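Biologist: I would like to take a close look at one part of this model, and I would be glad of an answer that goes through it step by step.

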Amino acid sequence: MTLDAALADRIRRTPKAELHVHIEGTLEPELIFRLAQRNQVQLPYPSVEALRAAYAFHDLQSFLDIYYAGASVLLTEEDFFDMTMAYVQRASADNVRHAEIFFDPQTHTARGVDIEVVIDGIADALAQAHTQFDFSSRLILCFLRHLSEEDAFATLEAALPYRDRFVGVGLDSSERGNPPEKFARVFARARELGLHCVPHAGEEGPAQYVADALDILKVERIDHGVRAIDDPALVQRLARERIALTVCPLSNQKLKVYPDLRDHSLKTLLDAGVAVTLHSDDPAYFGGYMNANWEAAFEALPLTADDAHRLARNSFEASFLPAARKAAYLEAVDLFWQQDQPAPAA
Ligand code: HPA
Ligand code: ZN
């Protein structure tokens, strides 16, 4: 299927919110090398090209191994600041107006980097982005699910002095064998603290993990969630309860969740009334930022202009913005799709 040029232009220009992006996954190979040099970190790759050539993944774990190696160059506040500013510039150019950004503190604290360095570097860049690019954002602290729940608890505890800098907790890393119930207690604690809860589920793991994330972790959105398609009753439930699925097309393709995007479940889920949203996940590793992900989905699937309007609306509706900000963004989206009609054929 080829994407109509007028619709391609409109999906690039529509205002949108990014709700599924790992800040460490925005670290481009060029920046990895620059930071390695700045910090005297030895990389196991001789060049940018050699590193990029290693980005041939066959599943989630093969990606995570390289992703954690890439993050090893991040040591100072300035490193986290530079990485975050680079992302904001890219996202802003794709007409992302608001982003809810994951960070993985355990990846850094395990290497001796203080959590304050991580949070301050990222948060300072986001504060600057707000004034410089009119780019709003929130931070979400992710627990690594291959580590223990005790480790997650210790991470949450260490982050509490910076409680005003993040709005929620997430759950990422190796899904298979690390089900939602492993983190039941730490998510209960996060809820007590008034934090939003948004785990990855149903990426490589089964539909049951999506249901368990809802029932056991009591979460508000599901990251990926595409395997929900295997359980029709669950799909109906997601639609009924307006639980958003933050879908990442290029990630799903590169990690072989859907090796061929023409087989992707997102259009079927959207048609079933599920609040699907589209995002970039780890854009430096998967070959594209927001607009590349939207274009890939629209190239592969029979998605329409109405779907694009719906996807853009869903992204703001599913955000953790206050009601008034949400309403203002939704109005901007509706205005864009009402006014920006393609020119009639001559
Ligand atoms: N899945 C799980 N963990 C991750 C991902 C992902 O897509 N990206 C970064 N950490
Ligand atoms: Zn992710």
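Biologist: How many of the eight residues of strand 2 (residues 96-103) are buried?

Modeller: Please keep in mind that this is a predicted model. In strand 2, which spans residues 96-103, seven of the eight residues are buried, and the strand is therefore described as mostly covered.

To see what surrounds strand 2, it helps to look at its partners. Strand 1, made of residues 16-22, runs parallel to strand 2 and is joined to it by five bridges, and within this pairing V21 stands opposite I101 of strand 2. Strand 3, made of residues 136-144, is also parallel to strand 2, and here six bridges make the connection, with E100 standing opposite R138 of strand 3.

From strand 3 we can move on to a further strand, since strand 3 and strand 4 pair in the parallel sense over five bridges, and F143 stands opposite L171 of strand 4. Strand 4 covers residues 168-172, and because five of its five residues are buried, it is largely enclosed by the rest of the structure. Its residues point in two directions, with G168, G170 and D172 on one side and V169 and L171 on the other, yet all of them are buried.

These strands also lead us to the ligand. D172, which points the same way from strand 4 as G168 and G170, is one of the residues around ligand 1, and H22 is another, along with residues that include H200, E203 and D282. The largest share of that shell, four residues, comes from helix 4, which spans residues 60-71.

Three polar contacts can be described here. A polar side-chain atom of H22 lies 3.3 Å from a nitrogen atom of ligand 1, while an N or O atom in the side chain of H224 is 3.2 Å from an oxygen atom of the ligand. In addition, a polar side-chain atom of D281 lies 2.7 Å from an oxygen atom of ligand 1. On its own, ligand 1 has 260 Å² of accessible area, and the protein covers 100% of it. The space that ligand 1 takes is the largest cavity.

A last example comes from a helix. K267 lies in helix 13, which runs over residues 266-271, and because its relative accessibility is 15%, under the 20% limit, K267 counts as buried. Its side chain is joined to the side chain of D307 by a polar contact of 2.9 Å.

Conventions: Residues are numbered from 1 along each chain as its sequence is written. Chains are lettered from A and ligands numbered from 1 in the order in which they are written. This is a predicted model: local features need pLDDT of at least 70, side-chain atom pairs count only at pLDDT 80 or more; totals for chains, interfaces and linings use all residues. Side-chain values use heavy atoms; hydrogens and water are left out. Buried means under 20% relative accessible area, exposed over 50%, partly exposed in between (1.4 Å probe, protein chains only). Two strands pair if DSSP finds at least two bridges between them. A residue is near a molecule or strand if one of its heavy atoms lies within 4 Å of it. A polar contact is a pair of N or O atoms within 3.5 Å; within protein, one must be able to donate a hydrogen and the other to accept it, and residues adjacent in sequence count only if both atoms are side-chain atoms. Accessible areas come from the Shrake-Rupley method with a 1.4 Å probe; for residues, only the protein chains shown count as cover. On a 1 Å grid over the protein atoms alone, a cavity is a set of points where a 1.4 Å probe fits but cannot get out, and a pocket is an open set with protein on both sides within 12 Å along at least five of seven lines; lining residues have an atom within 4 Å of a point. A molecule sits in a cavity or pocket if more than half of its atoms lie within 2 Å of its grid points.
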